[in-house]
Amino acid sequence: MDFALTFALPVMLAAGFVWLASAASWMALPHHIGEYRPVNDEAAFAEALRRQSLKRGQYLLPHLDRWEDATTPEGRERFVGGPVAFLTVLPNRVPSIRRHLLLTLAHYVIVCAAIAWATQTFVPLGASYHSVFPPVAVMALLAHGSALIPEAIWYGKPWSNVLRGLLDATVFSLLTAGAMAAMWPPAP
């Protein structure tokens, strides 16, 4: 049986539920409000960045050519004197919500398809809801949430933001598992 045809409905249903929950999480629910704080003088800060003529990309301040340079007195002083920051620069235009929403949906379809593919390698077609739900939930939680933790460890993302993201990931994993388990294809 062809995987794409067999699992199209569970994958699309799961991805659609996760996409709707994600949109609601960021656009309608209050728990992500305040995750990004303003700088003290946005106009002066923006002008200083404009003078840098930064291209789209990621920047590190202070930037060292080699990590070993952080152990020198000069390198340590650059960190201790601050600021220490990771900066992501986007193109100078109003973000396209439509584009972001479509790319997010595509991401969820790919994630759900990978989870379905992995699950069908050890859970047979026609398996019960209770046989499908646990492995899908675990894989979905790992897929939706595990990358958030290194963001806090390495890049300084506040742990409170990570915990809110993990709450979202938990909801997403339950939706993914519920949809896939409910629509798991019957045995041929």
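Here are some short exercises, each with a worked solution, on a predicted model of a protein chain.

**Exercise 1. The overall layout**

Find out how many helices and strands the protein chain has, and in which order the elements run.

Solution. Start by counting: the chain has seven helices and two strands. Next, walk along from the N terminus, and the order reads α-α-β-α-β-α-α-α-α. Now turn to the overall form. The radius of gyration is 22 Å, well over the 16 Å that the globule rule gives for 188 residues, so the chain is more spread out than a compact globule. Along the principal axes, the C-alpha atoms fill a box of roughly 65 × 35 × 30 Å. To finish, look at burial and surface: 28% of the 188 residues are buried, and the chain exposes about 12800 Å², with carbon and sulfur atoms supplying 66% of that area.

**Exercise 2. Inside the core**

Work out which helices supply at least two residues each to the largest nonpolar core.

Solution. Begin with the core itself, which has 23 residues. Those with the most contacts inside this core are V11, C112, I115, V132, V136, M180 and W184. Then see where the core residues come from: α1 (3-27), α4 (97-120), α5 (129-145) and α7 (159-182) each supply at least two. Helix α1 gives the most, with six residues. For a closer view, pick C112. Leaving aside neighbours within four places in sequence, C112 is in contact with V11, A14, A15, T176 and M180.

**Exercise 3. A histidine in a helix**

Decide whether H144 is buried or exposed, and list what it touches.

Solution. First locate the residue: H144 sits in helix α5. Then compare its relative accessible area, 13%, with the cut-off for buried, which is under 20%. H144 is therefore buried. Last, set aside neighbours within four places in sequence; the contacts of H144 are then V18, Y108, V111, A169, F172, S173 and T176.

**Exercise 4. Pairs of opposite charge**

Find the salt bridge that links distant parts of the chain, and describe both partners.

Solution. It helps to recall that side chains of opposite charge can pair when their charged atoms come close. The count here comes to three salt bridges, so take them in turn, with 4 Å as the cut-off from nitrogen to oxygen.

- E35 and R164 meet at 3.0 Å, N to O. E35 lies in the loop between α1 and α2 (42-52) and R164 in helix α7, 129 residues apart, so this is the pair that links distant parts of the chain. E35 is buried at 9% relative accessible area, while R164 is partly exposed at 23%.
- R50 and E47 meet at 3.3 Å, N to O. Being three residues apart in helix α2, they are separated by about one helical turn. R50 is exposed at 54%, and E47 is partly exposed at 35%.
- R66 and D69 meet at 2.9 Å, N to O. R66 counts as partly exposed, at 49% relative accessibility.

**Exercise 5. A nonpolar patch on the surface**

Identify the helix that gives the largest share of the nonpolar surface patch.

Solution. List the members first: L60, F86, I149, I153, W154, Y155 and W159 make a patch of about 770 Å². Then match them to the elements. Helix α6 (residues 148-155) gives the largest share, four residues. Another member, L60, is placed in strand β1 (residues 57-61) and counts as partly exposed, at 33% relative accessibility.

Technical notes: Residues numbered from 1 in each chain as written. Predicted model: local features only at pLDDT ≥ 70, side-chain atom pairs only at ≥ 80, totals over all residues. Heavy atoms only, no water. Core = buried A, V, L, I, M, F, W, Y, C linked by side-chain atoms within 4.5 Å. Buried < 20%, exposed > 50% of the residue type's maximum accessible area, 1.4 Å probe, protein only. Contact = heavy atoms within 4.5 Å. Patch = residues over 30% accessible without salt bridge, like charges linked within 9 Å, V, L, I, M, F, W, Y side chains within 5 Å. Areas by Shrake-Rupley, 256 points an atom, 1.4 Å probe, with all protein chains shown as cover. Salt bridge = Lys/Arg side-chain N within 4 Å of Asp/Glu carboxyl O. Rg over C-alpha atoms; globule rule 2.2 N^0.38 Å.
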